[in-house]
Amino acid sequence: MLTNKLLGAAAAAVPQYIEDVFSTYLYTGTGASQTITNNIDLSTKGGLVWFKDRSTTFSHNLYDTARGTTKAIFSNVTDAQSTIATGLTAFNTNGFSIGSNAAINTSSNNLVSWTFREQEKFFDIVTWTGNGTSPRAISHSLGSVPGCIIAKSLSYAGNWFVYHRSIGATKDLRLNGTNSETTTSASWGDTAPTSTQFTVGGNSNVNNETYVAYLFAHDAGGFGASGTDNVISCGSFTTDGSGNATVTLGYEPQLVIWKAASGSTPTGNWWIADNMRGFSQTGMNTLYANTSAAENVFTTKYVCPTATGFELVNGFENPTTTYIYIAIRRPMKTPTSGTSVFVPTTFTGVDALQTSNFPVDFLFEGQNLAGTIQWYWMDRLRGADKFLESNATSAESTQSGGIFTSNTQVRASDDGNSSKRSYQMFRRAPGFFDVVCDTGTASGHTINHGLGVVPELMIRKKRNSATNSDWIVWHTLFSGTNKYLFLNQTDAEATNAGFWTSTAPTSTVFSVGTGSRANNLNDTYVTYLFATVAGVSKVGSYTGTGTTLTIDCGFTAGARFVLIKRTSSTGDWYVWDTARGIISGNDPYLLLNSTAAEVTNTDYIDPVNSGFQISSTAPVQINQSGGTFIFLAIA
């Protein structure tokens with residue numbers, strides 16, 4: 001009997017975004033029933049939830065809608081399916097519910113779940129009962145040729161069988177083991193899968209035994225506004241003689257699973273890295289699909305994402321070895337509201353958790369609003385414990401503990417300072433905001449980014465040194481592409497072709513020159529890129545009038561964040577937000593380039609539905625008649 005779940009694909013609209021079909025969700029165990037909301041529809045669409053306790057040595061637990069609730073299998077062992085009444089108890093339209101089972105809900109433990117929703121050209125689940133024939137064709141509904149198939153017997157103890165397009169149908173791997181690719185005709189019948197079926201035999205089709213298979217697509221398109229974007233890739237790479245490799249996907253991944261398959265050292269673990277737990281330029285947190293080991297934390301750059309794929313550096317993996325991988329694209333949806341990508345907040349206390357309604361990718365924090373302020377800039381891509389100071393040229397520093405603790409919470413800086421603070425929290429999203437890390441070459445070149453549109457504001461900082469390390473800023477409305485400002489200074493617009501090579505950025509790359517602040521040999525850099533999204537954000541400029549001036553950003557409910565800098569003469573970098581107040585009256589402001597305390601009892605800007613209004617009482621640094629100014633506003 002075949003029980004391939006058909007989804008009525010001909011009648012159903014294909015989701016446009018990876019966010020609709022995949023989620024990495026971090027949570028804390030409670031020891032009691034709880035519901036996880038990750039906005040993935042499992043109830044009506046179907047899918048797989050893969051759990052792992054990050055804190056201790058529980059097995060990986062996998063539950064799927066084809067087998068039903070409470071039915072668990074374990075990727076690191078050969079055990080048959082188990083029924084766990086207190087395991088996953090419900091598949092919901094926006095996530096799932098779990099019971100008190102220790103492996104997925106031990107009180108106070110840190111856990112992760114990866115959710116794969118069934119969808120053409122992404123993921124499918126198939127179950128069957130063996131009939132003893134070999135080879136045997138099994139139908140599927142992936143809608144494309146599978147790039148990887150992971151199968152397991154349910155009714156008896158047996159290995160997990162893995163087909164991967166890079167090793168072919170005459171070989172397989174074992175998800176529960178470290179073995180290299182094994183030549184066998186038993187598992188896949190020496191027959192490559194097609195867009196409608198795959199082949200089993202031998203131990204994957206024993207008479208009367210039951211099986212499940214998880215099918216992953218490869219570069220099949222089907223996503224994005226055009227319906228042609230790839231969101232999952234199943235490929236291979238071979239390390240060089242030093243154990244390094246660069247993998248090009250055409251997108252930045254949020255999750256990568258990789259395993260040695262052949263070559264000089266073909267055995268090894270199944271590595272799992274994702275950007276929610278820590279997959280960054282300065283380290284990674286990894287789990288292994290084939291072991292019950294707790295999360296392993298690497299604090300050196302070894303495997304990290306890039307704007308177009310990922311790379312292995314510093315001799316991390318074995319030399320001259322071929323690895324297979326599964327990679328999934330990072331979120332790709334252009335935002336339609338400012339609240340989905342930006343949240344301002346204020347708080348008091350030490351080590352306090354701040355909550356957002358989205359995964360926070362970047363934030364800057366103004367500490368001690370009543371006293372001396374240090375501006376901490378932090379982002380997931382550089383690492384959960386790394387910060388830079390926008391008011392200084394200081395090199396990147398490390399803070400005790402992590403900032404990005406879960407999907408919707410960030411932890412306040414643990415510096416013992418309990419005074420009032422300001423947090424500005426951002427999500428990376430196409431068209432709105434992106435973060436790029438790179439290493440300098442001392443020669444002019446282009447750098448890939450994932451903004452998806454032409455950047456209108458770029459802020460770049462050297463990370464590893466304080467020497468020639470000003471924050472350089474480019475704005476689309478400068479009079480030339482070789483113009484710049486310094487974020488940490490008050491200077492007016494100036495010219496230096498060594499920063500941006502007099503070349504305007506495009507929707508895929510930006511250029512850097514030979515200046516040491518922008519591109520010194522072997523120094524590391526981070527660049528923040530912003531653009532205008534209708535109704536969400538506005539990067540723009542204005543000419544001062546000295547009188548009341550309305551800045552139309554195309555918003556409907558006013559700006560919740562405003563950054564202004566005078567470019568025609570000296571001026572500070574002024575910041576307002578609605579958490580501290582943008583009202584018709586007192587509008588407290590901060591200066592990104594200064595340690596000065598928050599200034600209150602001023603009325604320099606006012607709210608208007610279309611954006612913001614500059615008052616006639618604003619000083620020349622904000623509204624001098626004839627002066628030129630740039631701004632960033634977020635609805």
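Author: Two strands pair if DSSP finds at least two bridges between them. Strands (E, at least two residues) and helices (H or I, at least four) are DSSP runs, numbered from the N terminus. The model is predicted, so to speak only of trustworthy spots, local features need pLDDT of at least 70 and side-chain atom pairs count only at pLDDT 80 or more, while totals for chains, interfaces and linings use all residues. Residues are numbered from 1 along each chain as its sequence is written, and side-chain values use heavy atoms, with hydrogens and water left out.

Reader: Happy to start wide. What does the secondary structure of the protein come to?

Author: The C-alpha trace spans about 85 × 50 × 50 Å along its principal axes. Counting the elements in the protein gives four helices and 50 strands.

Reader: What radius of gyration does the protein have, next to that of a compact globule?

Author: The radius is taken over C-alpha atoms, and the globule rule is 2.2 Å times the number of residues to the power 0.38. For 635 residues, that rule puts a compact globule near 26 Å, and the protein agrees because its own value is 26 Å.

Reader: How much of the protein is made up of buried residues?

Author: Buried means under 20% relative accessible area, exposed over 50% and partly exposed in between (1.4 Å probe, protein chains only). By that cut-off, the buried share of the 635 residues is 59%.

Reader: And among contacts between residues at least 6 apart in sequence, what share joins residues at least 24 apart?

Author: Contact means heavy atoms within 4.5 Å. Of the contacts you describe, the share that joins residues at least 24 apart is 65%.

Reader: Let me zoom in on a sheet. In what order do the six strands of the open sheet lie?

Author: The pairing in this sheet is antiparallel. Its edge strands, each pairing on one side only, are S18 (232-238) and S23. On average, neighbouring strands are turned by 25° against each other, direction ignored (axes are lines fitted to C-alpha atoms, for helices over the stretch in contact, with angles from 0 to 180 degrees between N-to-C directions). Listed across the sheet, the order is S18-S26-S20-S21-S22-S23.

Reader: Which residue is the bridge partner of Asn285 in S23?

Author: S22 and S23 pair in the antiparallel sense over three bridges. In S23, Asn285 has as its bridge partner Val297.

Reader: Over to strand S25. Which residue of S25 stands opposite Ala245?

Author: Strand S19 (residues 245-248) runs antiparallel to S25, and four bridges join them. Strand S24 (residues 303-306) also pairs with S25 in the antiparallel sense over four bridges, and a hairpin of two residues joins S24 to S25. Val303 has Leu312 as its bridge partner in S25. For Ala245, the residue opposite in S25 is Leu312.

Reader: Which residues of S25 point the other way from Gly309 and Glu311?

Author: In a regular strand the side chains alternate between the two faces of the sheet. In S25 (residues 309-312), Gly309 and Glu311 point one way, all four residues are buried, and those pointing the other way are Phe310 and Leu312.

Reader: Now charges. How far apart are the closest N and O atoms of Arg277 and Glu295?

Author: A salt bridge is a side-chain nitrogen of Lys or Arg within 4 Å of a carboxyl oxygen of Asp or Glu, and the count comes to 21. Arg277 is buried at a relative accessible area of 6%, and Glu295 is buried at 17%. Both belong to a salt-bridge network with Arg54 and Asp274. The closest N and O atoms of Arg277 and Glu295 are separated by 2.8 Å.

Reader: Are Glu396 and Arg382 buried or exposed?

Author: Glu396 forms a salt bridge with Arg382, with the closest N and O atoms 2.7 Å apart. Glu396 lies in the loop between S31 (386-389) and S32 (397-398) and Arg382 in the loop between S30 and S31, so the pair ties together parts 14 residues apart in sequence. Both are buried.

Reader: Finally, what distance separates the C-alpha atoms of Ile373 and Ala597?

Author: Ile373 lies in the loop between S29 (362-366) and S30 (375-379), and Ile373 counts as buried because its relative accessibility is 0%. Leaving aside neighbours within four places in sequence, Ile373 is in contact with residues including Asn391, Leu590 and Ala597. Ile373 and Ala597 are 224 residues apart along the chain, yet their C-alpha atoms are separated by 6.0 Å.
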